[in-house]
Amino acid sequence: MLLQKVPDRVIDQDTPQNILSRLESIAKIPNTNIFVFDINFFLQLFTKLVPADWKYKTAVLWHPELNFNHPSATWFQLFWNYLRCNTESLLSFGDYPILPSVSGHLYSPSRQLKLLNVDKLSDKMQRVLHKVGCRILDTRHGVDHPDLVNYVRDADGAGVLKSIFDVVSSNDDIKEIFLQTLEASERDELRGFFLDPKWYIGSNMSDLDKKSCIRLPIFRVYDGESVENFRYSELEDQKFLPPLDCPESLFCGDFIKTSSGTEDEILSKYYGIERMGKARFYKQYVFNKVKDLPAEFRDVIMMSVLQELPHLSAEDPTFRGQVANLEFVPCASGLLKSPAMLYDPRNEELYALLEDSDSFPAGVFEESSSLDILQGLGLRTSVSFEAVIQSARQVERLMHSDQQRAHFRGKVLLSYLEVNALKWLPDSVNHQGTMNRVFSRAASAFRAHNLKSDLEKFWNDLRLISWCPVLVSSPFESLPWPVVSSMVAPPKLVRLYSDLWLVSASMRILDGDCSSTSLSHCLGWSLPPGGSVIAAQLLELGKNNETVTDPELRQELALAMPRIYSILMTMLNSDEMDVVKAVLEGSRWIWVGDGFATPEEVVINGSLHLAPYIRVIPVDLAVFKDLFLELGIRESLKPMDYAKISCRMSTIKGSTPLNSLELRAALLIAQHLAEVQLYEEQVKIYLPDVSCI
């Protein structure tokens with residue numbers, strides 16, 4: 001059967017025995033044409049037994065059923081049986097494809113491209129390798145020989161890997177076969193096979209084999225969308241085992257989704273795949289997207305972080321600082337802020353100052369246990385500059401939406417500052433006459449080395465924010481009052497109620513008391529009003545008050561005017577006095593006890609009080625003589641002034657008879673003029689006739 005294709009070269013075995021014996025003896029004699037058949041003669045005849053074009057080919061397609069020129073399956077069994085019994089090496093047949101494969105191909109023996117013996121593998125694994133295109137030995141044809149070990153691999157971890165990379169080399173080939181040809185279950189089958197511990201315990205897998213293994217896209221990684229979904233990936237790009245006890249929905253494609261603890265162990269121990277620590281995971285993969293997480297899920301995650309904070313901080317010393325500055329704590333409005341930006345609501349003063357603001361943790365973070373942890377991350381527990389400024393700005397924002405609420409919140413802040421302003425005094429206050437040594441020592445106890453500039457900025461900022469509760473309606477009908485509706489104003493534009501009659505025309509009046517000397521000083525309320533403010537007040541007071549008949553108003557003015565003039569006295573010889581002069585020039589602003597007059601209508605010293613034609617400064621205001629002279633008021637009347645008074649009386653009265661007081665004044669003027677000699681020309685003197693005209 002083995003040599004049936006060369007019958008002319010073989011002696012018929014049915015020849016009589018005596019003849020066969022004689023022929024065998026001849027075959028042993030050199031130089032005869034009869035030989036005893038051996039492996040060398042078999043090799044010479046081999047080109048007659050298989051297609052001649054098979055020689056030197058590494059692979060051919062074997063179809064004995066379709067091509068009668070191809071050796072049959074039975075012949076191959078005889079062939080391999082003969083080789084097993086008659087030769088120790090298969091190298092003699094290295095030029096011929098003699099190794100059958102399950103794909104129907106015959107392969108030539110090669111130490112580089114070996115076939116794979118899969119007899120010990122599961123049927124499913126065999127199908128997967130066949131689908132990949134591995135060269136799998138077909139052992140049904142009696143292929144068995146001691147030298148096969150050099151040309152056929154065992155199907156262990158390393159052998160299967162090498163067989164795979166014998167048929168796929170480029171990354172494109174790998175992706176096409178493993179991601180498009182194989183199904184998910186088949187990739188899982190391969191992964192389970194390669195990560196079998198038995199390949200590693202005996203060092204079956206070399207470092208080179210492991211590098212080959214991680215090139216295969218058979219490892220499941222998270223897709224970052226849902227826990228159920230995953231994709232397949234190689235492990236050449238850095239991947240990690242996910243941290244323990246973290247929600248899987250947080251994992252992305254950088255994390256391997258293993259199916260067992262065994263896989264975890266093999267990947268970690270033999271492939272150097274690191275299990276990422278929780279601290280690193282949160283910092284790199286969670287904190288940067290915490291604002292995008294669903295609110296409830298985010299809070300659960302961050303509460304878990306807070307509860308594990310000691311452990312995480314031990315893992316990474318910088319972790320606590322990053323959490324402290326991370327905006328993850330929800331406020332009442334849903335806005336996220338960092339712990340260091342928020343305040344502890346258990347402090348009553350803080351809660352009173354910032355009640356309506358986004359300054360406190362909300363939800364699960366407002367529980368006492370959570371607040372205790374947040375304190376360690378910088379949650380503020382006492383009132384600071386920033387808290388006061390924040391409270392003031394909150395009032396300012398409320399002003400645009402709820403005036404009544406803003407007014408109420410402003411009063412709360414004012415009350416707090418009255419009690420606590422002493423804590424935040426700049427150094428300059430220590431030298432004021434109103435501060436005694438005890439207060440100075442108390443204030444200095446709250447100051448750090450570089451606190452002075454911060455305190456000055458604090459008070460400067462506070463003066464410019466609209467938070468002070470102010471009066472909207474005038475408490476007196478005749479009091480100058482601006483047309484305003486805002487119920488809060490910046491302290492810079494506010495004065496105490498005690499300054500009501502000094503500044504009401506151009507400044508707002510505090511709605512409430514301020515008994516704190518320190519607060520008044522820091523907000524600028526203890527300083528006298530400026531010249532422009534005083535001038536504006538005088539201007540408005542004199543507008544419709546030429547004569548004041550209301551006794552209550554007259555009493556208030558009698559108290560206020562000396563204060564106003566006292567302030568103006570301090571401005572003599574200053575630039576502010578020039579401003580005052582410019583504002584008051586030609587206006588009715590001079591208080592004469594029962595009304596206001598213009599400079600033309602007033603004299604400082606005089607024996608006659610000829611209201612409304614000429615008035616004399618009241619005796620109680622004479623102390624302000626220098627001020628009045630500076631502002632253009634005559635010290636006394638001259639003869640010419642009397643003549644002008646009589647002229648003014650004539651102009652004002654016209655054809656109306658003088659009353660008794662006016663008649664008496666006219667006669668006194670005439671009598672005074674008669675006693676002096678007038679040198680000016682064209683001076684007219686007016687005298688009443690018998691009709692008192």
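Begin by selecting residues 105-107, strand E3, together with strand E1 at 59-61; in this predicted model, the two run antiparallel and are joined by 3 bridges. Within this pairing, highlight Val60 and then Leu106, its bridge partner in E3. Now add strand E2, residues 99-100, and the view takes in an open sheet of 3 strands, ordered E1-E3-E2 and paired in antiparallel fashion. Strands E1 and E2 stand at the edges of the sheet, and because each has a single partner strand, one side of each is left without a neighbour there.

Next, move to helix H7 by selecting residues 184-194, and colour Glu186, Arg187, Leu190, Arg191, Phe193 and Phe194, which are buried. Turn the view until you look down the axis of H7: the buried residues fall within an arc of 160°, and therefore they line one face of the helix. As background to this view, an α-helix has 3.6 residues a turn, so residues three or four places apart point the same way.

For the last stop, select helix H23, residues 531-543, and pick out Val533, which lies in it. Is Val533 buried or exposed? Its relative accessibility is 14%, and because the cut-off for a buried residue is under 20%, Val533 counts as buried. To see what surrounds Val533, show Leu502, Val503, Ser506 and Met507, which it touches when residues up to four places away in sequence are not counted. Finally, draw a distance from the C-alpha atom of Val533 to that of Met649, a residue 116 places away along the chain, and the separation is 35 Å.

Technical notes:
Residues numbered from 1 in each chain as written. Predicted model: local features only at pLDDT ≥ 70, side-chain atom pairs only at ≥ 80, totals over all residues. Heavy atoms only, no water. Buried < 20%, exposed > 50% of the residue type's maximum accessible area, 1.4 Å probe, protein only. Helix = DSSP H or I, 4+ residues; strand = E, 2+ residues; numbered from the N terminus. Arc of directions from axis to C-beta. Pairing = 2+ DSSP bridges. Contact = heavy atoms within 4.5 Å.
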